[in-house]
Amino acid sequence: FEISAGGVILEALAVDDTLVKGHVKAREFTWVRGIPASQRLTHYNHSPAIVWLIGPHKTGKIRIAQALEKKLIEDGRKAYYLGISNEISGLGSDLQAAAEQMDVHVRRLGELGRVMYDAGVIFIATASGLDDYDIKVLKDLCFPAAPIVVTTEGTSFHSFNPDLIIRQNEPEALAVKKLLDLLKDRGIIEE
C-alpha cells in the first residue's frame, strides 16, 4: 500500500451550512450601501433589529406581532411586520407547492430580514413549523444582525434556546410589554 495523502477530520460540516455561510460572506463583500447606519440611527432614534416570532399555528403570534408593530409606530419608531404567509403569496408566489419549498421561503424571509435591518427598521416576522436548522439558517442569513427569536409556548427545538417564550394566547398587552422590555435590554430602543 502507498499513502499519497493524510489528514485528520476534526468535525463534520453540513453542506448546507457551509453553502449558507459562503453565500453570506459573498453577499456582504458585494453589498452596496447607501447612507451609513449611524445616520439612520440619528433620524430613527432606535437601532435596527429583527424579531422572529416562531410557533405553531393559532398560538397568538400574529396578533402579538401586529400589536408590537403598532406600539412601536405609535412611539415614533420605524417598524414593519411581515408574516411568512405574505412571503409565500408575494415573493414566493413563483414556487409551485409552498409546503415542499419551505426551505426557499425561509431563505427568502432571512434575506428580507437582512434588507430591512440595513434599512434601519425594527423588522418583525412570524412563521410556523420551523425547526432548529431553519432558525440557524435565518440567523446566518441576517448577518450582521443578531436576530431576536421569540417562541410561543409549545414550540420545541432540540438544541436552540429562544430569547423569549410567550405563553399561548398570552394577553396581548403583557406579551408586547415583554417584547418591548427585551428590545430595551438589548439596547435597540430606549425608554
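**Reading a parallel sheet and its surroundings**

Reply: In this predicted model, strand β2 (residues 79-83) and strand β3 (residues 122-127) pair in the parallel sense, and 5 bridges join them. Within that pairing, Y81 has I124 of β3 as its bridge partner.

Me: What is the order of the strands in the open sheet?

Reply: Two strands are taken as paired when at least two bridges are found between them. Here the open sheet has 5 strands in the order β2-β3-β1-β4-β5, with parallel pairing. On average, and with direction ignored, neighbouring strands of this sheet are turned by 20° against each other.

Me: Which strands stand at the edges?

Reply: An edge strand can be recognised by counting its partners: β2 and β5 (164-166) each have a single partner strand, so one side of each is left without a neighbour in the sheet. For β5, the pairing is with strand β4 (residues 148-152), which runs parallel to β5 and is joined to it by 3 bridges; in this pairing T151 stands opposite I165 of β5.

Me: How many of the residues of strand β2 are buried?

Reply: A residue is called buried when its relative accessible area is under 20%. By that reading, 4 of the 5 residues of β2 are buried, so the strand is largely enclosed by the rest of the structure.

Me: How many aromatic pairs does the structure hold, and why is the pair of W52 and F123 called edge-to-face?

Reply: For two rings, one looks at the distance between their centres and at the angle between their planes, where an angle over 60 degrees counts as edge-to-face. The structure holds 1 aromatic pair. The ring centres of W52 and F123 are 6.0 Å apart and the planes stand at 85°, so this pair is edge-to-face. The pair links distant parts of the chain, since W52 belongs to strand β1 (residues 49-54) and F123 to strand β3, 71 residues apart. W52 counts as buried at 1% relative accessibility, and F123 counts as buried at 0%.

Me: Which strands does helix α3 lie across?

Reply: Helix α3 (residues 61-74) lies across β1, β2, β3, β4 and β5, and runs at about 170° to β3.

Me: Is helix α6 mostly covered or mostly uncovered, and what is found at its start?

Reply: Helix α6 (residues 132-141) is mostly covered, with 7 of its 10 residues buried, among them I135, V137 and L138, together with the acidic-lettered D132, D134 and D140. At the start of α6, a side-chain oxygen of D131 comes to within 3.1 Å of the backbone nitrogen of Y133.

Technical notes: Residues are numbered from 1 along each chain as its sequence is written. This is a predicted model: local features need pLDDT of at least 70, side-chain atom pairs count only at pLDDT 80 or more; totals for chains, interfaces and linings use all residues. Side-chain values use heavy atoms; hydrogens and water are left out. Buried means under 20% relative accessible area, exposed over 50%, partly exposed in between (1.4 Å probe, protein chains only). Helices (H or I, at least four residues) and strands (E, at least two) are DSSP runs, numbered from the N terminus. Rings of Phe, Tyr and Trp (its six-membered ring) pair if their centres lie within 6.5 Å; planes under 30 degrees apart count as stacked, over 60 as edge-to-face and the rest as tilted. Axes are lines fitted to C-alpha atoms, for helices over the stretch in contact, and angles run from 0 to 180 degrees between N-to-C directions. Contact means heavy atoms within 4.5 Å. A polar contact is a pair of N or O atoms within 3.5 Å; within protein, one must be able to donate a hydrogen and the other to accept it, and residues adjacent in sequence count only if both atoms are side-chain atoms.
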